[in-house]
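Trainee: I am new to this structure. Please take me through the reasons behind the terms.

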Amino acid sequence: VPAAPRTIHDLATPALLVERSAFEHNRATMSAARPGANLRAHVKAFKSTAVARILHDAGHRTFCAATVKEVVGLASAGLGDDLLLANEVLDARRLGAVVRGGNRVTLAVDSDVTMRAAAEGGVPEVLIDVNVGLPRCGCDPGDAGRLADLARSLGLTVRGVMGYEGHLMDWTDRARQAEEVERSMALLLAAHGDVGGDIVSAGGTGTFDINTWANEIQAGSYLFMDTHYAKVGLPFVEALSLLTTVISVNRAGGWAVVDGGLKALAMDHGNPSYAGGEVFFCSDEHTTIVPAPDQPVAVGDRVRLAPAHVDPTIAKHPVLWVVDGEDVVDSWAVDLRDW
Ligand SMILES: Cc1ncc(COP(=O)(O)O)c(C=O)c1O
């Protein structure tokens, strides 16, 4: 790959592409709906300080993260105005060092043990993480007030509550989805009544418009989208694709093989999609496609696949190539990968 590739034909494949106009449409659409601190963008979706800086420059200075490394990396990049680790950790010492470096870090806690880890690690501010229906982290809503009291007795500041309604993100029946989100958020608001503080943090790409109870929305996928979220009918468009090269064509069988497979694509939401035909199956380093009869491909052609799940797909790649059609116009390092 040349130091500054000019077109997609200069890139080694497989390579992840971001269509600049689609990304910009998504960014602007969310910014209009959820301006400033109304969006606490979730960097786990893209793991890139370059992307976080674009949001910061657009007025979104608060971020949330899923790993300690994401918090450390954002702070090192000068983006540490207000970072939430929206996840439980048992060793908060690296976060404490970030706080001592002059950054603001808030930690989600859902138990006495994680609370004490925050205090012992030197993180002075917490959010009480409340379970609102997703079988994952979060305390029982009825225990939130007790945890907040414990936090204050340990000298911590309680900024409020968070409760991620992740089980409600990808519903296509949006009227029913809204009813369920209301039920989930009733749990969170009841807990907030017991906890106090200014923050009610929840939501994601799939509920950014209907979760009117949270005062900050934790969304990240919306910037890139994937075929899974695309089915929901949100006002965001697919900006991400995997650039591959056709390495073999079987004319008699009607299939072709490209050089990117399940090691370059997250598969937990299923196969990628191919606009010029069908995806037959993926293997480690191959995807077998069935081109539409009127769209045959030849060995050496470049073919784009649409990923089914954005976050873990991006986490497999060191760089996002920003493109305008076939022109490569920028690159964003995926510098917050790993832990
Ligand atoms: C804690 C938390 N908040 C918010 C989100 C929403 O992110 P997305 O933009 O992918 O919907 C997630 C995604 O899994 C999450 O884990």
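Mentor: An oxygen atom of the ligand is 3.3 Å from an N or O atom in the side chain of tyrosine 164. This is a predicted model, in which local features need pLDDT of at least 70 and side-chain atom pairs count only at pLDDT 80 or more, while totals for chains, interfaces and linings use all residues. Residues are numbered from 1 along each chain as its sequence is written, and side-chain values use heavy atoms, with hydrogens and water left out.

Trainee: What makes the pair at tyrosine 164 a polar contact?

Mentor: A polar contact is a pair of N or O atoms within 3.5 Å. The value at tyrosine 164 is 3.3 Å, so the pair counts.

Trainee: Which atoms of glutamine 218 and glycine 220 lie 2.7 Å from the ligand?

Mentor: For glutamine 218, a polar side-chain atom lies 2.7 Å from a nitrogen atom of the ligand. For glycine 220, a backbone N or O atom lies 2.7 Å from an oxygen atom of the ligand. The protein covers 91% of the 400 Å² of accessible area that the ligand has on its own (Shrake-Rupley method, 1.4 Å probe).

Trainee: How do you know how many disulfides there are?

Mentor: A disulfide is a pair of cysteine sulfur atoms within 2.5 Å, and by this rule the count is 0. Cysteine 137 is in none, as the nearest cysteine sulfur, that of cysteine 139, is 11 Å away.

Trainee: Why is cysteine 137 called partly exposed, and is cysteine 282 buried or exposed?

Mentor: Buried means under 20% relative accessible area, exposed over 50%, and partly exposed in between (1.4 Å probe, protein chains only). Cysteine 137 has 34%, so it counts as partly exposed. Cysteine 282 has 13%, so it counts as buried.

Key:
A polar contact is a pair of N or O atoms within 3.5 Å; within protein, one must be able to donate a hydrogen and the other to accept it, and residues adjacent in sequence count only if both atoms are side-chain atoms.
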